[in-house]
Amino acid sequence: MGYVIGSVKSLEDARVGDTLTTSKNPAEKSIPGYKEPKPMVFSGIYPTSTDDFENLRSALEKLQLNDASLTYQPETSKALGFGFRAGFLGLLHMEIVQERLDREFDIDIITTVPNVEYEVYKTERGEQKKVIVDNPSEMPDPANIDNVFEPYIKASIITPSDYIGPVMKLCEDRRGIYVNQLHMQSQRVEITYELPMAEVVFDFYDRLKSGTRGYASLDYEFIEYRKGDLVRLDILLNSEPVDALSSIVHRDNAYELGRKLCKKLKELIPQHQFQVPVQASIGSNVIARETVRALRKDVTAKCYGGDISRKRKLLEKQKEGKKRMKQVGTVDVPQEAFLAVLSMDDDN
């Protein structure tokens, strides 16, 4: 037992499992059995108040002291301001970090939709390049994308035999591939599926628990990257994209998710003095739309009778004012709108 004093300025430079050797007689290879933890789930973390940005940075640094698997880097969102892009080992790790930020450091945060790491192959100037994407805003232009590969996991679910149907339906709805089913003692069954990890990080575990009354348990391990028909789903407010609401989804589910999201945002975004279109798009193609109606003053209230042209003139004048306001106005998006993406319900 002993200790080593080194001039290490950053704790990120000294990780658990590093091999220490001498400069005069260095080791040829590192001690086997250790490897650097690789984050599998990524999410944006933003303070609800911009004044808490430095406090959030300090909190993440302190968390990293006893959790070397947590990674983060600064990022900026047009809608949410300054924040961090954090990488986690899995869903439980992400929930623990969020809970510790709240309890230990008393920081109110907003988290964006959890994402996984995709491998995107694109053609640029006649050459094919591989790009690692963990943020929807970094997704290349659809015209340049050749193939997209997503991570798959092997999920083992242990549940009472009474709930085999709901569990299998949930896995099939999440693009799962059936592997096997093993009956155990005391009326319990182990069901194994191969699932896209992107379908698990969203709300899979919550739905699994609710569908089995809390009796099911989930364990999973990474398998490989597989080719998938994936697209970036953008949300546009007043024809302006909101990067914090963008997500990478399977093409077959894009229309349904876009329609639900537009409907939810229509309820949450407050009325403005001008009409606010809420659109979901894939590239330049709009696949769903809802409209937040404008606040409107009854300009004809002072007209008691008289020629109809007088009322029409007042309405046309109001219409022109609304049109100018729409061109220069900005849309205020409440925090509940960003949280709506995390609480999308298939029953809505």
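## Helices α1 and α2

The crossing of helix α1 with helix α2 is right-handed. In this predicted model, α1 spans residues 53–65 and α2 spans residues 91–103. The two pack at an angle of about 125°, and their axes lie 11 Å apart. An angle that is neither under 35 degrees, nor over 145, nor from 65 to 115 counts as oblique, and α1 and α2 are therefore oblique to each other.

On the α1 side, the contact is made by L56, A59, L60 and L63. Helix α2 contributes V97, R100 and L101. Sorted by class, the contact of α1 with α2 has 6 nonpolar residues and 1 charged residue, with no polar ones.

## Helices α3 and α5

A second helix pair is formed by α3, residues 164–173, and α5, residues 204–211. These helices pack at an angle of about 160°, with 9 Å between their axes. Angles over 145 degrees count as roughly antiparallel, so α3 is roughly antiparallel to α5. The crossing of α3 and α5 is right-handed.

From α3, the residues P166, V167, L170 and C171 take part in the contact. They meet F204, R207, L208 and G211 of α5. By class, the contact of α3 with α5 divides into 6 nonpolar residues, 1 polar and 1 charged.

## Residue M168

M168 is located in helix α3. Its relative accessible area is 24%. Buried residues have values under 20% and exposed ones over 50%, so M168 is partly exposed.

Leaving aside neighbours within four places in sequence, M168 is in contact with Y178, Q181, I191 and Y193. One of these partners, Y193, is 25 residues away from M168 in sequence. The C-alpha atoms of M168 and Y193 are 8.8 Å apart in space.

## The protein as a whole

The protein contains 8 helices and 16 strands. Of its 348 residues, 39% are buried. The accessible surface comes to about 21,400 Å², and carbon and sulfur atoms account for 48% of that surface.

Contacts between residues at least 6 apart in sequence can be sorted by their separation along the chain. Among these contacts, 64% join residues at least 24 apart. The contact of M168 with Y193 links residues 25 apart in sequence.

Methods: Residues numbered from 1 in each chain as written. Predicted model: local features only at pLDDT ≥ 70, side-chain atom pairs only at ≥ 80, totals over all residues. Heavy atoms only, no water. Axes fitted to C-alpha atoms, helices over the stretch in contact; angles between N-to-C directions. Helix = DSSP H or I, 4+ residues; strand = E, 2+ residues; numbered from the N terminus. Left-handed = near helix turned anticlockwise from the far one by under 90°. Contact = heavy atoms within 4.5 Å. Nonpolar A, V, L, I, M, F, W, Y, C, P; charged D, E, K, R; others polar. Buried < 20%, exposed > 50% of the residue type's maximum accessible area, 1.4 Å probe, protein only. Areas by Shrake-Rupley, 256 points an atom, 1.4 Å probe, with all protein chains shown as cover.
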